[in-house]
Amino acid sequence: SAIAAMLWPLCMVPSIAQPSIDLSPGNEKDAPYEGIMLRQLNFDTLRPEAYVQFQQEMETEKLRVAPRYWKVAKKDQKLFIDLINDDGKIISPSSLLGVSEEELRLFKRGGKLEKALVAGAWVSDSERDACVLPISLAKNLRRSGVQETDWKPADAIGQRLKLGSYAGTVRGVCDSDVLNNEVQDLDGEPFTPVDFTASSASRGANAQESTEVGVESIEAVSTARYQHVDSAETVIVPWTLAALLGADLRSVAVRIDDPALLKYLAARVLARVQKNLFVGEAGRRKLFATTSKTSLAGLGNLIVPLLISILILLNVMIGAVYERGREITIFSALGLAPSHIAALFLAEAVVYATLGAILGYLSGQGAAKLVQMAGWSGIYLNYSSSSAVFVTALVMAAVIGSTIYPGLMAAKAAS
């Protein structure tokens, strides 16, 4: 019981996540939509398994997700996806953005994405080989015989182009200034690709997102901003075509209008995907972090309780040796070697450690589940947490280690 009592609070702690961080300034309600956006804090590539888990959770509730794919040219290099019109004119954009038609529904509040479209329509999921061009690129790719002063954005609609190795059609023309300055996502950033070369200059080119980010790093997200590629140099295509052209998945978003469903799915995704989420709730932008209160880096916090527990167990086992003096004498008379008697005490400790670990883990997770059911925020269960596994193994090792000296005492008493 002492082992279980020591273990259950330690197993419960890895299930406690940081509360949400409000990203909206003052009393503003600046969330572009009610929903969830999943991405790496440093805009690194989103792993396929995380996207699949996110998509499965949303499809269970009949919700459609909006994936975003990026391909950005490196410093002093081209994108290697040229745009070629029927006259053979070639334009090399700086970035490629793959999106879905669901973006129009996401950014319906305020109509800013619709405002960015000056001619034509947005990309469609049913039409893979299509694109939306910024005014500057569309003007440069205008048909022969059309003067620049006579050209209008509507003239580009329906124009055939070659996108890398794929033939496509210009479906729409957009205003890059609106995309750059007005269309912002739940993280307060444009949803267009990040200029990693410019951004890494201030953050370090080798910056990576760790599995468990410190509290200070999480809170710094509210003020951190990245430089994005100018939308005037960005070609927008359906995400299916972007994936074929070698773009990487960088984020995925979903709109959820039901407040109760939004809270439920945010908790589900946090527990399953274990990634930080940007959430739009009641008009406010929030960051839901999966940062644990403890991690393997915080092992020093466990030393004192472990030492106390080891001393308690040591005292109990030494008392058991003195209480079983008569039994030890009988075992010795029956022909058991001192090493065999010591092994009996170690075997007993292994049984206690195993039973105590199981009871402690179950009681810890059970207590966390009860607290979660009671409506306390910030509790997200992770039954396979590496911290829980590590703490369980550490406690079992402490129990067995505290029996070595009493076992040697028993062996000495039998000799």
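Two strands pair if DSSP finds at least two bridges between them. Keep that in mind as you click around this predicted model.

**Stop 1: strand β2.** Select residues 35-39, which make up β2. Five of the five residues here are buried, so the strand is largely enclosed by the rest of the structure. Now look at which way the residues point: Gly-35, Met-37 and Arg-39 go one way, while Ile-36 and Leu-38 go the other.

**Stop 2: the neighbours of β2.** Add residues 248-255, strand β12, to your selection. β12 and β2 run antiparallel, with five bridges between them. Can you find what sits opposite Ile-36 in β12? What stands there is Val-254. Next, add residues 277-281, which is strand β13. This one also pairs with β2 in the antiparallel sense, over four bridges, and the bridge partner of Ile-36 in β13 is Val-279.

**Stop 3: the largest nonpolar core.** Stay with Ile-36 for a moment. Along with Phe-54, Met-58, Leu-133, Val-235 and Ile-256, Ile-36 touches the most other members of a 47-residue core. To see what gives the most to this core, select helix α10, residues 259-273: the helix supplies seven residues.

**Stop 4: Met-58.** Which residues does Met-58 touch, leaving out those up to four places away in sequence? Show Ile-36, Leu-63, Val-65, Val-254, Ile-256, Leu-265 and Val-269, and you have them. You've already met Ile-36 and Val-254 as opposite numbers across β2 and β12.

**Stop 5: another core.** Finish with a second, separate core of 31 residues. Try selecting Leu-41, Ala-66, Val-183 and Phe-278, which are among its members.

Terms used
Residues numbered from 1 in each chain as written. Predicted model: local features only at pLDDT ≥ 70, side-chain atom pairs only at ≥ 80, totals over all residues. Heavy atoms only, no water. Core = buried A, V, L, I, M, F, W, Y, C linked by side-chain atoms within 4.5 Å. Buried < 20%, exposed > 50% of the residue type's maximum accessible area, 1.4 Å probe, protein only. Helix = DSSP H or I, 4+ residues; strand = E, 2+ residues; numbered from the N terminus. Contact = heavy atoms within 4.5 Å.
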